[in-house]
Amino acid sequence: MTGPARIAIIGAGQAGGQAAYSLRAAGYTGAITLIGDEPAPPYQRPPLSKAYLKGEMDADRLYLKPLEYYAEHNVDLVTGTAVAKIDLAAKRIELEKGDPVVWDALVIATGARPRRLPIPGAALPGVLELRTLEDVDRLRPLMTAGKRLVIVGAGYIGLEAAAVGAQLGLHVTVLEAAPQVLARVAGPEISAFYTAEHRAHGSDIRLGARLVGLEGGEHVTGARMADGEVIPCDLVLIGVGVLPNMEIAQQAGLTSANGIVVDQWMRTSHPDVYAIGDVAFRPLTHYGCSGRLESVHNAIEGGKIASAAILGAAMPAIDVPWFWSDQFDLKLQTAGLSTGADARILRGEPASRSFAVFYLKEGKMIAVDAVNAAPEYIVGKKLVAASVRVAPAELADKSISMKDIGARALA
Amino acid sequence: MPKITYTDASGAERTVEGKNGMTVMETAIKHNVPGIDADCGGACACATCHVYVDEAFMEKVGKPSAMEQSMLDFAENVKPNSRLSCQIKIRDDLDGLKVTTPESQH
């Protein structure tokens, strides 16, 4: 398929990699330069806080494509190199090292970086974050049995790391400022369930926790709370969300909000520049608004859409946002976004460790959280996508199968 | 090393060498075998690595777990020999395994 002569992709994560793969899969034969600031080729991030952290998988199993792919498919993969500047007028990017790269179409897939804590001691040795392969390669050798690990933030990353920590025999304390865990992403039933699970595995989950500083000389030794208590620790992991890496786009003059603003084709305010993945502030097709999504689904979909847009191909299918989290033997699968829900329907008993919560707005399903409950997840996802009215009493009734519920609602 | 043969929906075959312990999905990705998306990377969370297992190997490959079965129950174009390739680990006795990929993973 024909297209512009030269395509540059800034960011070699799951989104940037996917853009390159989709372009080549569509038959594009022009030049592709894929530039990443990490030393590794594009890799999967989700296992970093799960199987990889636990030591159950080698780094090369994380790679999205074998290294040979890039040479065989003529993708110029430039790793370990940050981009210093985007020049929209001259259509080129300047690298922090090496020659500038000239492009006819540009894809920005710079991702996000962990939010830093604005408290004293946040830069002490032994205070770590978990975003990249290098982060985990630093963290993993320190996570040995008997160590005292304090995790700041009870989001997906914090809780997944807490689960691994408990399983490896560490003494884990999780500090969450909100009154519930997973506050940004899940309803109270799910939060209460996960809080109880972590506590049952021996972790100290503190809600409404007010951390004011980290203490230590050459190494972190404690977490100081607002009430004066100091929680002794050997290691601190910060997992309090991420910030989009959009500064170079802003400096170039591209429109931004909480991310680089794009249209449904992932096109920025410049007609030849696209933004995808965690950094893109994109239309959320099923919700009539725009937002940033931090997920594998969003990375893959953005890569496919930008590729189609650049090549003038048809719009790929737009999926309902989906997410998953593995903690202990529990698989949490989420479809949709629950923000704005006016009703929640519980299906199944949390005590059975297989249940789901459906989130409704004006009688229609907008999201589902399913714990070890694949049928609820899959049918729920279809119902969110179809935006049809659902019957709350049926959803709560385990004697009616999800297959039947789905068939009736979609009839 | 066990050999795995992947056949796509058009009938094109590719045989590659697998490694014990790796999954049939990972082996496809490692060898650039098309037809398996594996969006979630093998977490049994997305059902985009669906394959049909050759009847002769059905018994050796074994039954899907409850979670995998649930994912399969709702996947597209499911047949009795459907499996998620991220859940099939390669072993010596799976040498010669043949799987076919569906027309689409979505």
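## Helix packing in chain A and across to chain B

In this predicted model, helix 9 of chain A and helix 11 of chain A, the latter covering residues 402–410, pack with their axes 9 Å apart and at an angle of about 10°. An angle under 35 degrees counts as roughly parallel, and helix 9 and helix 11 of chain A are therefore roughly parallel to each other. On the side of helix 9 of chain A the contact is made by P375(A), E376(A), V379(A), K382(A), L383(A) and A386(A), and these meet M402(A), I405(A), G406(A), A409(A) and L410(A) of helix 11 of chain A.

Helix 9 of chain A, which spans residues 374–386, also packs against helix 3 of chain B (residues 66–73), here at an angle of about 25° and with the axes 8 Å apart. Helix 9 of chain A and helix 3 of chain B are therefore roughly parallel to each other as well, and helix 9 of chain A passes helix 3 of chain B in a right-handed crossing. This contact is made by A374(A), P375(A) and I378(A) of helix 9 of chain A, together with M67(B), S70(B), M71(B) and D73(B) of helix 3 of chain B.

## The side of chain B that touches chain A

Between the two chains, 14 residues of chain B are in contact with 17 residues of chain A. Helix 1 (24–30) and helix 3 of chain B are the elements that give two or more residues to the side of chain B that touches chain A, and helix 3 of chain B gives the most, with four residues.

## An enclosed helix in chain A

Helix 5 of chain A, residues 156–167, has twelve residues and reaches 17 Å from its first C-alpha to its last, which is close to the 16 Å expected at 1.5 Å a residue. Eleven of its twelve residues are buried, so helix 5 of chain A is largely enclosed by the rest of the structure; among the buried residues are Y156(A), I157(A), L159(A), E160(A) and V164(A).

The buried residues of helix 5 of chain A pack against both helices and strands, namely helix 2 (51–54), helix 6 (188–200), strand 10 (148–152), strand 11 (171–176), strand 16 (235–238) and strand 23 (322–327) of chain A. Just after helix 5 of chain A, G169(A) takes a positive phi of about 90°.

## The largest nonpolar core

The largest nonpolar core has 154 residues, of which I9(A), I108(A), V236(A) and I260(A) touch the most other members. With residues up to four places away in sequence left out of the count, I260(A) touches I108(A), M246(A), A249(A), L254(A), T268(A), A275(A), V279(A), A280(A) and F281(A).

## Loop residues of chain A

Two residues in loops of chain A have a positive phi although they are not glycines. K91(A), with a phi of about 50°, is found in the loop between strand 4 (83–87) and strand 5 (92–95) of chain A, and K91(A) is partly exposed, with 19 other C-beta atoms within 10 Å. R353(A), with a phi of about 60°, lies in the loop between strand 25 (343–347) and strand 26 (355–361) of chain A, where R353(A) counts as partly exposed with 15 C-beta neighbours inside 10 Å.

Q180(A) lies in the loop between strand 11 and helix 6 of chain A and is partly exposed, with 18 other C-beta atoms within 10 Å. Not counting residues up to four places away in sequence, Q180(A) touches P188(A), S191(A) and L207(A), whereas Q180(A) and R113(A), which are 67 residues apart in sequence, are 24 Å apart in space from C-alpha to C-alpha.

How values were computed. Residues numbered from 1 in each chain as written. Chains lettered and ligands numbered in written order. Predicted model: local features only at pLDDT ≥ 70, side-chain atom pairs only at ≥ 80, totals over all residues. Core = buried A, V, L, I, M, F, W, Y, C linked by C-beta atoms within 7 Å. Buried ≥ 20, exposed ≤ 12 C-beta atoms within 10 Å, placed from the backbone. Contact = placed C-beta atoms within 7 Å. Expected span 1.5 Å × (residues − 1). Axes fitted to C-alpha atoms, helices over the stretch in contact; angles between N-to-C directions. Parallel < 35°, antiparallel > 145°, perpendicular 65-115°, else oblique. Left-handed = near helix turned anticlockwise from the far one by under 90°.
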